[in-house]
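Thank you all for making time this morning. I would like to walk you through a structure that may be new to most of you, and I will start with the empty space inside the protein before turning to the chain around it.

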Amino acid sequence: MHVSRESDGLIVPEKQTNKAGRNEQRAIPAAAESVEGRGSTKGNAERTLLVPDAEPGKRGIGLRSVRDAAKRDKTLRFTALLHHITPEMLQDCYFELKRSAAPGVDGVTWHAYGQDLEERIDDLHGRVHRGAYRAQPSKRAWIPKADGRQRPLGIAALEDKIVQYAVKTVLEQIYEEDFLGFSYGFRPGRSCHNALDALWVGIDKRKVNWVLDADMRGFFDNIDHEWMMKFLEHRIADRRVLRLIRKWLRAGVSEDGQWSRTTVGTPQGSVISPLLANVFLHYVLDQWVNQWRKRHARGEVIIVRYADDFVMGFQHRDDAERCLRALRTRLTEFGLELHPEKTRLIEFGRYAAERREKRGEGAPETFDFLGFTHCCGRTRIGAFTIKRKSIAKRLRAKLQAIQMQLVQWMHRPAAEMGKWLRSVVQGWMNYHAVPGNIRCLDQFRTQVARLWLHVLRRRSQKRRKRIWEWFARLIDRWLPKPKILHPYPNERLIVNNPR
């Protein structure tokens with residue numbers, strides 16, 4: 001592995017570690033530390049370092065050395081990375097792909113590519129290393145959004161997915177040492193619930209009185225390619241890797257057989273897009289916010305980001321307003337903007353209800369983040385807490401999708417319908433079963449049962465005797481009962497962040 005130092009002015013500033021002493025003086029639990037800085041990355045390395053290195057019999061040694069070098073020197077630029085992409089790594093990446101995914105423009109499915117896999121992988125490896133590999137355009141697909149609009153997706157060809165997965169695995173070793181602790185989206189060892197826990201603990205344990213609920217307009221469609229490449233060059237000096245990424249950015253989009261050029265944006269749905277998005281926002285947003293709150297904020301400031309969705313908390317309103325104005329200017333410089341209607345500054349926190357009541361303004365406003373509506377609430381003993389409930393609009397959309405599927409399966413056996421419903425309901429509950437959300441879980445199960453009964457009754461005009469007893473047995477057998485599956489955020493955050 002060859003590395004070199006910065007010589008062209010593109011220097012990545014070294015991150016400051018959390019000041020544990022200050023936290024101890026202010027009696028702030030160590031669990032809240034991950035909201036303010038970066039958490040330990042030791043556990044993140046376990047999955048990605050299992051990819052074989054170029055040397056047979058020594059799995060992950062080369063990638064571990066890349067990560068160690070990135071950790072030692074934050075200004076290091078890596079000049080030779082492509083040799084880590086071996087035939088063994090490409091084959092492992094192939095098996096990591098989703099087997100039932102839709103094919104791209106080449107029409108090749110996962111199972112079809114698996115025939116003569118070794119020969120295909122060897123040929124792909126050779127083309128990548130000698131520069132003969134050509135990226136294919138992404139196949140355009142559309143999926144409905146909760147607000148009725150459609151979100152564009154880009155389905156990459158299978159070989160592009162394999163190579164992107166391999167490049168992502170190598171680059172993660174570098175950027176997992178650079179990314180800040182409040183970044184949670186699409187990172188190894190981190191999930192939506194980790195971000196939700198960090199936000200809950202940050203608002204509960206820090207002095208947060210105002211919340212900025214931010215929404216970027218068309219982030220993935222407006223990523224500037226030139227800025228993206230400049231940001232990558234802060235750490236990557238291997239021209240072959242940079243050339244691969246540029247090929248994917250410029251591959252274009254194919255829709256109904258018509259190819260269109262892409263000068264900005266990265267396709268949502270491709271393997272490499274989440275990592276590129278995190279790199280872009282690391283330089284545009286994360287480092288800027290981290291410096292702003294140290295230099296300009298009078299009070300405490302927290303931030304939790306999951307991909308392009310982020311929430312900030314402020315102690316003082318003037319800090320929040322000044323940060324919002326500066327943030328709009330900052331994003332504009334890089335071709336991004338905050339959605340004017342969906343970005344809101346609201347009063348939120350332990351004193352929000354009391355202060356708004358004195359002003360005669362009613363209950364505190366709520367905000368949505370990662371599928372949950374966050375509200376100011378009280379525990380049974382009257383202490384402040386953040387209550388989370390499933391977003392009503394998304395719950396209704398999920399029920400409508402279930403109803404449409406049940407109508408299509410109307411004449412299938414009840415046991416087959418029940419088996420499918422069990423997987424759907426359990427999957428929904430696995431995500432939404434957080435403390436305080438039991439009412440929404442019970443409502444979801446009840447509405448699913450009502451839709452199922454309605455469909456079963458339409459199968460015949462005959463009224464079945466004792467249908468309630470028969471249907472009650474179906475519900476008990478197939479529909480999981482509501483149960484809280486996640487611990488309280490402060491408990492899980494302490495386990496994940498022992499500092």
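The largest cavity holds about 90 Å³ of space, and I should say at once that what you are looking at is a predicted model. Fourteen residues, if you will let me spell the number out, line this cavity, and those closest to its centre are S138, Q164, W248, P267 and S270. If you ask which elements give two or more residues to that lining, the ones to find on the screen are α8, which runs over 158–175, α11, over 239–250, and α12, over 273–295. As for the character of the lining of the largest cavity, its residues divide into seven nonpolar, six polar and one charged.

Let me stay for a moment with Q164, which belongs to the set closest to the centre of the largest cavity and sits in helix α8. Is Q164 buried or exposed? Its relative accessibility is 4%, and because anything under 20% is counted as buried, Q164 falls in the buried class. Once its neighbours within four places in sequence are set aside, Q164 is in contact with W248, S270, V271 and I272, and of these W248 and S270 were also named among the residues closest to the cavity centre.

The structure holds four cavities of 30 Å³ or more, and the second largest has a volume of about 70 Å³. This second largest cavity is lined by 13 residues, with A101, A102, W110, L158 and K161 lying nearest its centre, and its lining divides into nine nonpolar, two polar and two charged residues.

Now let us step back to the chain as a whole. The protein chain has 19 helices and 13 strands, and of its 499 residues, 52% are buried. If we take the contacts between residues at least 6 apart in sequence, 73% of them join residues that are at least 24 apart. The chain exposes about 24800 Å², and carbon and sulfur atoms supply 49% of that area.

One example of residues far apart along the chain involves H432, found in helix α16, which covers residues 414–432. The C-alpha atoms of H432 and F372 are separated by 8.2 Å, although the two residues are 60 residues apart along the chain. Not counting residues up to four places away in sequence, H432 touches G371, F372, S390, N437 and L441, and with a relative accessible area of 10% H432 is buried.

Among the helices, I would also point to α9, residues 192–205, where 13 of the 14 residues are buried. At 1.5 Å a residue, α9 should span 20 Å, and its end C-alpha atoms are indeed 20 Å apart, so the two values agree.

Finally, there are two loop residues whose backbone angles deserve a look. D116, in the loop between α6 (110–113) and α7 (117–130), has a positive phi of about 55° although it is not a glycine, and at 56% relative accessibility D116 counts as exposed. F186, in the loop between α8 and α9, likewise has a positive phi, near 55°, in a residue other than glycine, while its relative accessible area of 46% makes F186 partly exposed.

Key
Residues are numbered from 1 along each chain as its sequence is written. This is a predicted model: local features need pLDDT of at least 70, side-chain atom pairs count only at pLDDT 80 or more; totals for chains, interfaces and linings use all residues. Side-chain values use heavy atoms; hydrogens and water are left out. On a 1 Å grid over the protein atoms alone, a cavity is a set of points where a 1.4 Å probe fits but cannot get out, and a pocket is an open set with protein on both sides within 12 Å along at least five of seven lines; lining residues have an atom within 4 Å of a point. Grid points are joined across faces, edges and corners, and a volume is the space filled by probe spheres set on the points. Helices (H or I, at least four residues) and strands (E, at least two) are DSSP runs, numbered from the N terminus. Ala, Val, Leu, Ile, Met, Phe, Trp, Tyr, Cys and Pro count as nonpolar, Asp, Glu, Lys and Arg as charged, and the others, Gly among them, as polar. Buried means under 20% relative accessible area, exposed over 50%, partly exposed in between (1.4 Å probe, protein chains only). Contact means heavy atoms within 4.5 Å. Accessible areas come from the Shrake-Rupley method with a 1.4 Å probe; for residues, only the protein chains shown count as cover. The expected span of a helix is 1.5 Å times one less than its number of residues.
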